[in-house]
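Please open the model in your viewer and keep the selection panel at hand. The tour goes from one selection to the next and says at each stop what is there.

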Amino acid sequence: MKLFASSLLLAVCALAAPAFAAMPAQPSLKITTLDGKPYDLATQRGHWVIVNFWATWCAPCIKELPDISKFVATHPNVSAIGIAYDDTDPADIRTFLQKHPVSFPVAQVTMDKPLKDFDTPLGLPTTWLIGPDGKVAKHFTGPIKPAMLSAAIGR
């Protein structure tokens, strides 16, 4: 009887848990960057793309931004888009980026309006590496290092 009750409780909890759609293998991303320019992930086909979720208050994020920026600058077949997953005022993020410049565009996504085709980050930083075919090649949770990106890309 205990086994039945435990199984029933587990089944009820599973049914009560919110259902999340799986992130598509080939996500789309159309967004306006903080400098007012449109960004469309589909235009990056043929290149590797680093999609990096970060926040101004996240110390590991701040530490990895220069590494990602340098990686993009030294790998011509790699681009990046920074997603400031932050409820901070956009002007404050622009000010932050003046102090911590990057070589790639940055857009802002607030927690109440997540991106449609990307899973909500469970922690920051979170990075998706999109292959030249537009499909997710690798997902990283936590800080990334250039060696990790090189290994994933195969260079």
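Begin by selecting strand E3, where seven of the seven residues are buried, so the strand is largely enclosed by the rest of the structure. Buried here stands for under 20% relative accessible area, exposed for over 50% and partly exposed for what lies in between, with a 1.4 Å probe and protein chains only; strands (E, at least two residues) and helices (H or I, at least four) are DSSP runs, numbered from the N terminus.

Before going further, note that this is a predicted model, in which local features need pLDDT of at least 70 and side-chain atom pairs count only at pLDDT 80 or more, while totals for chains, interfaces and linings use all residues. Residues are numbered from 1 along each chain as its sequence is written, and side-chain values use heavy atoms, with hydrogens and water left out.

Now show the side chains of E3: Trp-48, Ile-50, Asn-52 and Trp-54 point one way, Val-49, Val-51 and Phe-53 point the other way, and all of them are buried. Add strand E4 to the selection, which runs parallel to E3 and is joined to it by seven bridges; two strands count as paired if DSSP finds at least two bridges between them. Within E4, Ile-83 is the bridge partner of Phe-53.

Keep Phe-53 selected and turn to the aromatic rings, of which a search of the whole structure finds five pairs. Rings of Phe, Tyr and Trp (its six-membered ring) pair if their centres lie within 6.5 Å, and planes under 30 degrees apart count as stacked, over 60 as edge-to-face and the rest as tilted. One of the pairs is that of Phe-53 and Tyr-85, which is edge-to-face, with 6.0 Å from centre to centre and 65° between the planes. This pair links distant parts of the chain, since Phe-53 belongs to strand E3 (residues 48–54) and Tyr-85 to strand E4 (residues 78–85), 32 residues apart. Phe-53 counts as buried because its relative accessibility is 2%, and Tyr-85 is likewise buried, with a relative accessible area of 8%.

Next add Phe-118, whose ring forms a tilted pair with that of Phe-53, at 6.2 Å centre to centre and 50° between the planes. Here too distant parts of the chain are linked, for Phe-118 sits in the loop between strand E5 (106–109) and strand E6 (126–130), 65 residues from Phe-53. Phe-118 is buried, with a relative accessible area of 4%. Add Trp-128 as well, and you have the cluster that ring pairs build from Phe-53, Tyr-85, Phe-118 and Trp-128.

Which side chains meet in a salt bridge? Select Lys-116 and Asp-117, which do so at 3.9 Å, N to O; the rule asks for a side-chain nitrogen of Lys or Arg within 4 Å of a carboxyl oxygen of Asp or Glu, and by it the count comes to one. Lys-116 is exposed at 73% relative accessibility, whereas Asp-117 is buried at 13%.

Move on to Cys-58 and Cys-61, which form a disulfide with their sulfur atoms 2.3 Å apart, the cut-off for such a pair of cysteine sulfur atoms being within 2.5 Å. The structure holds one disulfide, and this link is right-handed, with 75° about the S-S bond. Cys-58 is buried at 4% relative accessibility, and Cys-61 is buried at 0%.

Finally, colour the chain by pLDDT, the predictor's confidence in each residue from 0 to 100: the average is 88, and 86% of the residues score at least 70. Over residues 1–20 the pLDDT is below 50, and beyond near neighbours in sequence this stretch has zero contacts in the model, a contact being heavy atoms within 4.5 Å.
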